[in-house]
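I opened this page to keep a record of what I looked up, entry by entry. Strands come before helices, and salt bridges follow.

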Amino acid sequence: MNYDLIYPGNADQFLDDLCDRVEKGMDEGLLPVEVFRDDKVFKAEMERIFTRTWVFVAHVSEIPNKGDYVLRRLGLDKVIVTRDDSGEINVMLNHCRHRGTEICQHDKGNTRTFKCPYHGWVYRNNGDWAGAPHSQDAYGGALDKKEWGLLRAAKVEQLHGFIFASLSQDVPTLREHLGGAVWMMDAIFGLHPDGMKVLKEPERFVVKADWKSGAENFSGDAYHVSTAHLSAALSEFIPGVNQVSSMASGYDFGNGNSFIGHALPELIAPMFEFWGYPKEYRDQFDLSNLDETQIEMLKTVPPTIGTLFPNFSFLRFPQPAVPGEMPIPFTSIRMWQPIAPGVMELWNYELEYAFLPQEFHDKAYLAGQFGFGSGGIFEQDDTAVWEGIAKAASSPWNRAHGTQLHYQQKRGGADPDWKGPGEYHPSIYGEYCQEQFWRRWLREMKNKKPASTGGCNQ
């Protein structure tokens, strides 16, 4: 059935009907294909998801000093993330309050003020209005520094150095929002008091695929590896990679927050507890804040891939820095930045524990680039197939037919003896994590109430 013809120009009716079909479809293991590329869906996502939830914008290691800033993205908006003169972190909309033009043109830097290139309005690095040319003649004196300051995110919080922002006043705290997923973030990023640091500026490249394709894939899809990434096995870059899905498990924390784990000691070698960090470094990990279940998980089935809704994904896997060498773990954060319907900008951050030597940092970065840089062997595989999904979503034939995609893998069920938060599934097959991602998406899309952003320039 062609729903484009039934609801021409009526976005609300179309979205209401689509949400009903997604909800009914999830109950049957089906998903309408047009969710992956549609003008009305994309506009609603920007308004109903990215203005109302917590979104990752930067890491504290990128702005270590007072006056440091980076230019980042929050949905479609460019935002300036600063450490101001008092050491506080701010997330501000990159648009002048006078006539609206962009005030910051550089990806990063250090400054006490930002000056608009149009009329010269000046803002402090905390967003306050600081002055304007001829202010006495033009305005009769100074303007209210808060009222006419840059718009600022309603809430800004950190978790293990990751800076998240929300435009809505109504969101719970970041930890409350993430729930059981904080337990997993503690196990991944909380192993040393010095924390982690970003190794280089995030790599960015445009992919003609929907942002949700990346987020959903990292939430729970290991099934694709034996087909999409077979070249890694055939080339002997990573022998046996086509078998990893049979040794993958799922950690589902609900609300679209989930992780894949791999039995690395069994898949590769016994020494690959804790992702395969060398023993001399592993001995320096501080496990005192972890519980017994977290420690056992890191020894046997450590989390290797995951997604925090909506568009933050994690990847840590042992991989050779140079073909033929012993694999070493690398850590990547993936941001699936929406650009347009069926188009995203993929941001790839590589991080590592700050206490590790520079030689290890360099090798880990190289390992990550070999696999998941813009020209990486896995990256080329993934982005190519995701682009096909966006094409399917805009296919006149598919839309006329009312095509629904298949989410009906058999499920083995959760482990009843699991002692951690959420659910642990010994097998990744079942698409239960992907289903939770879509149910969270559905809940947000059905909520038409605008975000409460009042006072976010104060």
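The entries below concern a predicted model.

**Entry: the four-strand sheet**

I looked up the strand order and found an open sheet of four strands, S5-S4-S3-S6, with antiparallel pairing. Strand S5 (89-93) and strand S6 (108-110) stand at its edges, and since each has a single partner strand, one side of each is left without a neighbour in the sheet. I noted that the twist averages 30 degrees from one strand to the next. Within this sheet I followed strand S3 (residues 68-74) and strand S4 (residues 77-83), which run antiparallel and are joined by six bridges. In that pairing, Tyr-69 has Thr-82 of S4 standing opposite.

**Entry: the three-strand sheet**

I then turned to an open sheet of three strands in the order S2-S11-S10, where the pairing is antiparallel. Its edges are strand S2 (55-59) and strand S10 (155-159); each has a single partner strand, so one side of each is left without a neighbour in the sheet. Neighbouring strands here are turned against each other by 30 degrees on average, with direction ignored. Four bridges hold S2 to strand S11 (residues 162-166) in an antiparallel run, and I recorded Ala-165 in S11 as the bridge partner of Val-55.

**Entry: strand S16 and its partners**

How many residues of strand S16 (residues 303-308) are buried? I counted the strand as mostly covered, since the lookup returned six of its six residues as buried. Strand S15 (residues 258-262) is joined to S16 by four bridges and runs antiparallel to it, with Thr-307 in S16 serving as the bridge partner of Ser-258. On S16 and strand S17 (residues 312-319) I found antiparallel pairing over four bridges, and there Thr-307 has Ser-313 of S17 as its bridge partner. Thr-307 is thus named in both pairings, with Ser-258 and with Ser-313. A hairpin of three residues leads from S16 to S17.

**Entry: helix H2**

I checked the length of helix H2 (residues 11-28): at 1.5 Å a residue its 18 residues should span 26 Å, and the end C-alpha atoms are 25 Å apart, which agrees. The buried residues of H2 include Phe-14, Leu-15, Leu-18 and Val-22, and also the charged residues Asp-17 and Arg-21. After H2 comes Gly-29, with a positive phi near 75 degrees.

I looked again at Arg-21 and Asp-17, whose side chains meet in a salt bridge (2.8 Å, N to O). Both lie in helix H2, four residues apart, about one turn of the helix, and both are buried.

**Entry: a salt bridge between distant parts of the chain**

A search of the whole structure gave 23 salt bridges, from which I picked the one between Arg-399 and Asp-38, with the closest N and O atoms 2.5 Å apart. This pair links distant parts of the chain, 361 residues apart, with Arg-399 in helix H15 (residues 396-401) and Asp-38 in the loop between strand S1 (30-32) and helix H3 (39-48). Are the two partners buried or exposed? Arg-399 is buried, with a relative accessible area of 11%, and Asp-38 is buried as well, at 6%.

**Entry: helix H16 and a network**

Helix H16 (residues 432-446) has 15 residues and reaches 21 Å from its first C-alpha to its last, close to the 21 Å expected at 1.5 Å a residue. I noted that 11 of its 15 residues are buried, so that H16 is mostly covered, and among them are Phe-437, Trp-438 and Trp-441.

Also in this helix, the side chains of Glu-435 and Arg-439 meet in a salt bridge (2.8 Å, N to O), and being four residues apart, the two are separated by about one helical turn. Glu-435 counts as buried at 14% relative accessibility, whereas Arg-439 counts as partly exposed at 24%. Salt bridges with shared partners join Glu-435 and Arg-439 with Asp-27 and Arg-411 into one network.

**Entry: two places with exposure**

I looked up a nonpolar surface patch of about 220 Å², made by Val-322, Leu-366 and Phe-370. Phe-370 belongs to helix H13 (residues 358-372) and is partly exposed, with a relative accessible area of 32%.

Lastly I checked Asn-289, in the loop between helix H11 (279-282) and helix H12 (292-300), which counts as exposed at 68% relative accessibility.

Definitions and conventions. Residues numbered from 1 in each chain as written. Predicted model: local features only at pLDDT ≥ 70, side-chain atom pairs only at ≥ 80, totals over all residues. Heavy atoms only, no water. Pairing = 2+ DSSP bridges. Axes fitted to C-alpha atoms, helices over the stretch in contact; angles between N-to-C directions. Patch = residues over 30% accessible without salt bridge, like charges linked within 9 Å, V, L, I, M, F, W, Y side chains within 5 Å. Areas by Shrake-Rupley, 256 points an atom, 1.4 Å probe, with all protein chains shown as cover. Salt bridge = Lys/Arg side-chain N within 4 Å of Asp/Glu carboxyl O. Buried < 20%, exposed > 50% of the residue type's maximum accessible area, 1.4 Å probe, protein only. Expected span 1.5 Å × (residues − 1).
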